[in-house]
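These are my notebook entries on a single chain. I record what I looked up, beginning with one residue and widening to the whole chain.

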Amino acid sequence: MNPVQRGKLAIAAAAIGVGLLSVTGCGFVNAQQTTHQYSASDGIKADLGPLQLRNILIIASGENEPGRVIGAVFNQSSSDATLTLSGANGAQTEIPVKANSETYLNDTADAAILSTAGVIPGGLTPITIRSGSDSATINVPVVDGTLPEYAKYLPSTPTPTATSTSTSTATPTESAAAGH
């Protein structure tokens, strides 16, 4: 090879190298989003020993109102487990989970209700999760019933029974005016 051909070959190799770097440079400089695990939902995920909590959130109409826990709990062990959730002001609920199975906290399950949500909807409330000797504190989102998919899960608050304190009777002219 003569010096001119070597020069052309070196320039071509350099051009190819720069081209390859420009194509792969984004992956080298920027973090790959596929390597970052996150909860692609409104709820959060957490692991507690053999229990895996997925899409856990609380639905409540206010900070001091009852809150329903929804989501899923998977038990990876060969033993039945009970998941205890403890929140604000002593609020607590228990969720039984059979061995090697899952429990979905939805329409078909018994409601897991905390006596108080702990924060206003839109916030995060610290919840202590416990099963056997394992425990952890997680921040769980609280949402309200504004979105239709959550409205059906709002815990109903007991309404006071109406009592009549008036014993007045309508006169015949008032009854006729009322269309009776």
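Entry 1. Does Ser 41 count as buried, partly exposed or exposed, and at what relative accessibility? I note beforehand that the model is a predicted one. I found a relative accessibility of 34% for Ser 41, so I entered this residue as partly exposed; the class covers values between the 20% limit for buried and the 50% limit for exposed. I then looked up its place in the chain: Ser 41 sits in the loop that runs between helix H1 (3-29) and strand S1 (44-48). I also checked its distance to Asn 55, which is 14 residues away in sequence; the C-alpha to C-alpha distance is 6.4 Å.

Entry 2. I turned to a second serine, Ser 77, and asked which loop holds it. Ser 77 belongs to the loop between strand S3 (67-75) and strand S4 (81-86). Its relative accessibility is 18%, so I classed Ser 77 as buried, the cut-off being under 20%.

Entry 3. I next listed the surroundings of Ser 77. Its side chain forms a polar contact with the side chain of Asn 75, at 2.8 Å. A polar atom of the Ser 77 side chain also lies 3.0 Å from the backbone oxygen of Ser 79. Leaving aside residues up to four places away in sequence, I recorded that Ser 77 touches Pro 50, Ala 99 and Asn 100.

Entry 4. How many salt bridges does the structure hold? I counted one. The partners are the side chains of Arg 54 and Asp 47, with an N to O distance of 3.0 Å. I looked up the accessibility of the arginine as well: Arg 54 has a value of 25% and therefore counts as partly exposed.

Entry 5. I closed with the chain as a whole. I counted three helices and nine strands. Along the sequence, their order reads α-β-β-β-β-β-β-β-β-β-α-α. Of the 180 residues in the chain, 29% are buried. For contacts with a separation of 6 or more, I noted that 53% come from residues 24 or more positions apart. The accessible surface of the chain is about 11700 Å², and carbon and sulfur atoms account for 55% of this area.

Note on methods:
Residues numbered from 1 in each chain as written. Predicted model: local features only at pLDDT ≥ 70, side-chain atom pairs only at ≥ 80, totals over all residues. Heavy atoms only, no water. Helix = DSSP H or I, 4+ residues; strand = E, 2+ residues; numbered from the N terminus. Buried < 20%, exposed > 50% of the residue type's maximum accessible area, 1.4 Å probe, protein only. Contact = heavy atoms within 4.5 Å. Areas by Shrake-Rupley, 256 points an atom, 1.4 Å probe, with all protein chains shown as cover. Salt bridge = Lys/Arg side-chain N within 4 Å of Asp/Glu carboxyl O. Polar contact = N/O pair within 3.5 Å; in protein donor to acceptor, adjacent residues only side chain to side chain.
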